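Biologist: Got a minute to walk me through this model?
Modeller: Sure, here it is.

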Amino acid sequence: MRTFPIGGIHPSDNKKWSKDKAIEVMALPDEVAIPMIQHIGAPATPIVAKGDKVLTGQIIAQATGFVSANIHSPISGVVKAIDEFANGEGLYRQMIVIKREGDEWVESIDRSTELKRECKLSPADIISKIKDAGIVGMGGATFPTHVKLTVPDGQKAEILIINGVECEPYLTSDYRTMLERGEELLTGVEILMRALNVERAVIGVENNKPDAVAHLNDLIAKGNYRGIEVMALKTRYPQGGEKQLIAAVTGRQVPPPPALPISVGAVVCNASTSVAVYEAVQKNKPLIERVVTITGKQLKDTHNFLLRFGTPIKSVLDAAGGLPEGDVKVLNGGPMMGRSVVNLDAPVMKGCSGITVLSGCEASRGKELACIKCAKCVSACPMGLEPYLISKLSLRQLWDRAEEHKIMECIECGCCSYTCPSNLPLLDYIRIGKQTVMGNIRARAMKK
Amino acid sequence: MNALVLTILTLSVLGAILAVILYFVAQRFKVEEDPRIDDVEKMLPGANCGGCGFAGCRSMSEALVKMDDISSLYCPVAGAQTMVSIASYLGKSAAEKGPMVATMRCGGSCDKRPKVNSYDGARSCAVVNSLYTGESACAYGCLGYGDCAAACQFGAIVINPNTGLVEIDADKCTACGACVKACPKALIEMRKKWPKNRAIYVACRSKSRGAVVMKACKAGCIGCGKCAKVCPFGAISMEGNLAYIDAEKCKLCRKCVNECPTGAIRIVNMEPLPKEPKSVENKAAESKA
């Protein structure tokens, strides 16, 4: 069975807590806060004013520049405020607050559930529809999908890889999507293949989800989806990383930055993104909702909710029986890549595939000890870096040497910190180094 | 015995020959250097802190000797007087600058700014700042992990365990600016140093609205603008929801201190204005308690 060639870890996947919970539609929130930055790139610019009436699916903020994404109203109601509010990390960001009144949708949106497979649009039209719908990568990185699909001149996409790996422990939103919305997913893949003009698409799924693999294979055979295959991959974290998935599926290695995955002819899209693409292109439905896993060993109730963006994390947790007693850590995402949430009034955003609740003792870090140079982090690093070294270089602020040691290659998967027997916060320091080195690289580019 | 004498003799002769060779080589390949560089280096404090922007005192003195116009060069550790004497030695004119001192502008001590979460990751302000706001609800306040204290080469910065805040010893501070660069929240500012280490400044950097500040911290600036109105010298400006005292214009009259409802304006080594029945600051504190 295939997997990526170097590094990686195998944490306990903990998917059992929520994997058998079917997708439920969560009750509409009374009030939503929509951040203007939910994607990588420039923040969107609000095009509504306080007091405006908006419909569900109406565009409320326009993309600023190419690498940015439109934002649509997830509910119908009145714009209550446009101001800076605290996000999950407690930082103040511009948000549009909408108070709900009923549930009126924009008329052009087709809300029927029947599958619409036929798509005769040209690639450019498909991409422009995806752009209008504000679709971003829903695996967590939130890179605008239309940018990904716009292949630079002189390069050609050969293969579309759909990321159904979901290697992050605990999360099951992509898994449930593959099981329950398989046909929409496959039609979305067909549309993406058309947009990229490729003949072959591979859906990568880890082998801890054998029923998803079997189900998708069934649907492909029944629905006669041509050129799409499902590839079971050996379970290993971080297989869902773009470069790791390309290596696992095609055996090709993406060169170091600034090279993009397209330089080896591959384009990677998340499974949930593919469903969103289907809805945008065939049903004119912009990205206003997603499946979010609410999970954790201590929670009374785990769920896979289909919920509208802007729903406060607090109300999602309340719907799952509230927070358990004692100290807890709430994560936006899973335990490996997720970011802790300190403000529970913060909204669910486009990149939030799950909300994981860990108890204080599960989340606490061990005491920091000295590095014993065991090189476990080196074996675990899926990018072939030396985490103990670049983290030390960052700590000592030796930015140039950190750059020489390819700090910018780090994908922040956290394998090094996970595996360290001395409990060193390796990734924390590497992240600082990455930020500073990135600034240095930009400053150099500006000088030129 | 014989072997001992022989060894001493051999080594002495060898040493003498090498000394002669080295003497001639040194004469032949002598590097001409301006002797003033050494003199200037002796006049500089030799802290090698980098506060001047150069790698060390040696490179600073080279620049001082080589550059025609040295008004852009300044050693904050040595101070204005030394710069003037260096300039007169070199026959150039020095920049005129008053003494400065690093000032940490956050008053959110543990009792005024409660913890709302706990953090157990890397003990570094830069790391915390890259992750989230920090343990309090204020997104602008001092994190208290001491990146500035680690950056200070003069031992002027300590973290007070009772308040959780950074304290700067004005006597030890040389205004080299290392802490200003180290603070990821940009809380430390170089301000004018008054005699007797007196100081007055707004101990808050929060740009949030008043209501948000009040919720997060009892010592924050809520942007009411009362201080700016009362200032007779026009030294206080309001930037959004935050007051700022311009140290160059301020005359230490302290009228603003009694106006501030949250006590965000901090005075150091000075008494508050006399003959006031009871300062507004105390009243506000009392009514809250």
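Biologist: How many residues does each chain put into the contact between chain A and chain B?
Modeller: Chain B gives 14 residues and chain A gives 14 residues. Contact here means C-beta atoms, placed from the backbone, within 7 Å. This is a predicted model: local features need pLDDT of at least 70, side-chain atom pairs need 80 or more, and totals for chains, interfaces and linings use all residues. Residues are numbered from 1 along each chain as its sequence is written, with chains lettered from A and ligands numbered from 1 in the order written.

Biologist: New topic. Where does helix H4 of chain A run, and what span does it reach?
Modeller: H4(A) covers residues 182-196 and reaches 21 Å from its first C-alpha to its last. That is close to the 21 Å expected at 1.5 Å a residue (1.5 Å times one less than the number of residues). Helices are DSSP runs of H or I, at least four residues, numbered from the N terminus.

Biologist: Why is H4(A) described as largely enclosed?
Modeller: Because 13 of its 15 residues are buried (20 or more other C-beta atoms within 10 Å of a residue's own, all placed from the backbone).

Biologist: What comes after H4(A)?
Modeller: Asn197(A), with a positive phi near 60°.

Biologist: And chain B, how is it divided?
Modeller: Into domain 1 (36-90) and domain 2 (100-268). Those bounds come from an automatic or database domain assignment. The centres of the two domains, taken over C-alpha atoms, are 31 Å apart.

Biologist: How many residues of each domain are in contact?
Modeller: Five from domain 1 of chain B and seven from domain 2 of chain B.

Methods: Contact = placed C-beta atoms within 7 Å. Helix = DSSP H or I, 4+ residues; strand = E, 2+ residues; numbered from the N terminus. Buried ≥ 20, exposed ≤ 12 C-beta atoms within 10 Å, placed from the backbone.
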